[in-house]
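Here is a friendly walk through one protein model, written for someone who likes to check contacts, angles and backbone details while looking at the coordinates.

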Amino acid sequence: MPKTKFINLILLCGFVISFFACKQETPDTSSHQSIEFENITQLKVTQTTDEICIYNHPNFSIPSLCISQKKLPFTKIVLLTSSPAGYLDQLNAIDHITAAYNTEWIYNPTLAQRIQQGLAANGQNSIVANYEQILSWQPDLVISSTNPNHQNLFQQLIHADIPVILIDEHLENSPLARAEYIKLYGILTGKDKLAQQEFSHIQEQYHSLSRQATQQSAKPSVFAEIQRGDTWHMPGAHSYLAQLLNDAGANYLFTDNTAQGAIPLSFERVYNTAQNADYWVNAADFHTYQQLADAHSGHTLFQAYKNHKVYAIAGRINHTGASDYFESGAVRADLLLADYVKIFHPHLVPNHTFTYVNALQ
């Protein structure tokens, strides 16, 4: 298949999680063995002694990227998004990052230090990354999230024989599914065994704590997020946050909203349901009750506000506003769950201190 037709095929398919590669023919995958994922639903990976192929939901029949085993591991990675930093740091592979864009939105202090020392480059902070600049770094891999503004850039890089991987792990609605993406990063960086070990530990800790929390007879009521302008985007009952809250032994109040993402609600709708809720979580990146009140006067009407039972996600946030909740928080599902259990059932984790979550002051 000609290269241009293959690229157009990928773009037209509209994969939610997309991987791009310069590949002229569809490989024979009959002898490929699948790499087992226990939780991930948006991704399939197969391998032979010669190559690794990555398939994307919803079409698992055509590989969107095949990588020769000889090209692994990737050691000169350019990031166009922030979440990979959390996974690479967990694998002690931050030194595999040769450059990153929009670093003001990257929390990882080790990467920031590498950039400051000139060990990694800071890309121009623009909506569309610079093709010539990326080429000057001579990367062996570019990682991004889905971004329509970058489609032309992706095609240019592919033509230059630089593989581009788009990873949207945030579309997984299971905390452990997001954490399991560390296995993919392990493959890409030659740290497969470490990735397996890390995920096994995370999953074991998560399941153990969740079992204890969900067996509690008392399940405090909870709601999430804040009013922004005229809209309150409330996570759906099948969302990532709703599962975290349920696994932490809480009663999430918006179970009638069966969306996997968030849906816009009016203030009145939220207030009618949650005015007497025991707890309020993920109240943006606020640190104080005054900040919450200043954001919207109606926030002060909830009992959780009056009883000082409000928690935000500013436990790890730097001076530019970058939050580790969206970096290492994606891979360390066990620590994130422990934060919420600390809110609802503190006796289960008496020695745990908040990592990503913070109580408003």
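## Starting from one residue

Phe267 sits in helix H10, which covers residues 267-274. The model is a predicted one, so local features are taken up where pLDDT is at least 70. Is Phe267 buried or exposed? Phe267 has a relative accessible area of 13%, and because buried means under 20%, Phe267 counts as buried.

Which residues does Phe267 touch, leaving aside its neighbours within four places in sequence? Its contacts are Gln227, Trp232, His296, Gly298, His299, Leu301 and Phe302. If you would like a distance to check in your viewer, try Phe267 and Asn351: these residues are 84 apart along the chain, and their C-alpha atoms are separated by 37 Å.

## Other buried positions

Ser83 belongs to the loop that links strand S6 (77-79) with helix H2 (84-90). Ser83 is buried, at a relative accessible area of 7%. Apart from neighbours within four places in sequence, Ser83 is in contact with Glu169, Phe326 and Glu327.

Gln90 is part of helix H2. With a relative accessibility of 19%, Gln90 is buried; the cut-off that applies here is under 20%. Where its sequence neighbours within four places are left out, Gln90 contacts Ile182, Glu198, Val331 and Arg332. The C-alpha atoms of Gln90 and Ala195 are separated by 8.5 Å, with their positions 105 residues apart along the chain.

Here are the buried residues of this report side by side.

| Residue | Place | Relative accessible area |
|---|---|---|
| Phe267 | helix H10 | 13% |
| Ser83 | loop between S6 and H2 | 7% |
| Gln90 | helix H2 | 19% |
| Ala284 | loop between S16 and H11 | 10% |

## Two helices against H14

Helix H14 spans residues 333-344, and helix H8 spans residues 192-214. Their axes come within 8 Å and cross at roughly 20°. How do these two helices lie relative to each other? Angles under 35 degrees count as roughly parallel, so H8 is roughly parallel to H14. The crossing of H8 past H14 is left-handed. On the H8 side, the contact involves His201, Ile202, Gln205, Tyr206, Leu209, Ser210 and Ala213, and these meet Ala333, Asp334, Leu337, Ala338 and Val341 of H14. Sorted by class, this contact between H8 and H14 holds eight nonpolar, three polar and one charged residues.

Helix H9 (residues 240-247) also meets H14: the two axes come within 9 Å and cross at roughly 55°. That angle makes H9 oblique to H14. The crossing of H9 past H14 is right-handed. H9 contributes Tyr240, Leu241, Leu244, Leu245 and Asp247 to the contact, while H14 contributes Leu336, Leu337, Tyr340 and Phe344. By class, the contact of H9 with H14 has eight nonpolar, no polar and one charged residues. Leu337 is worth a click: it is among the H14 residues that meet H8, and it is also among those that contact H9.

## A three-stranded sheet

Strands of a sheet pair through backbone hydrogen bonds, either parallel or antiparallel. In this model, three strands form an open sheet in the order S14-S11-S16, with parallel pairing. Which strands are at the edges? Strand S14 (251-252) and strand S16 (279-281) take those places, each pairing on one side only. Strand S11 (residues 221-224) runs parallel to S16, and three bridges join the two. Within that pair, Ala224 stands opposite Val281 of S16.

## Backbone details to check

Most residues other than glycine have a negative phi, and most peptide bonds are trans. Three places in the model are worth inspecting with that in mind.

The peptide bond from Leu72 to Pro73 is cis, and its omega is near 0°. Pro73 lies in the loop between strand S5 (65-68) and S6.

Ala284 is not a glycine, yet its phi is positive, at about 55°. Ala284 is found in the loop that runs between S16 and helix H11 (289-295), and it is buried, with a relative accessible area of 10%.

His308 likewise has a positive phi of about 55° without being a glycine. The place of His308 is the loop between helix H12 (303-306) and strand S17 (311-312).

Note on methods
Residues numbered from 1 in each chain as written. Predicted model: local features only at pLDDT ≥ 70, side-chain atom pairs only at ≥ 80, totals over all residues. Heavy atoms only, no water. Pairing = 2+ DSSP bridges. Helix = DSSP H or I, 4+ residues; strand = E, 2+ residues; numbered from the N terminus. Axes fitted to C-alpha atoms, helices over the stretch in contact; angles between N-to-C directions. Parallel < 35°, antiparallel > 145°, perpendicular 65-115°, else oblique. Left-handed = near helix turned anticlockwise from the far one by under 90°. Contact = heavy atoms within 4.5 Å. Nonpolar A, V, L, I, M, F, W, Y, C, P; charged D, E, K, R; others polar. Buried < 20%, exposed > 50% of the residue type's maximum accessible area, 1.4 Å probe, protein only.
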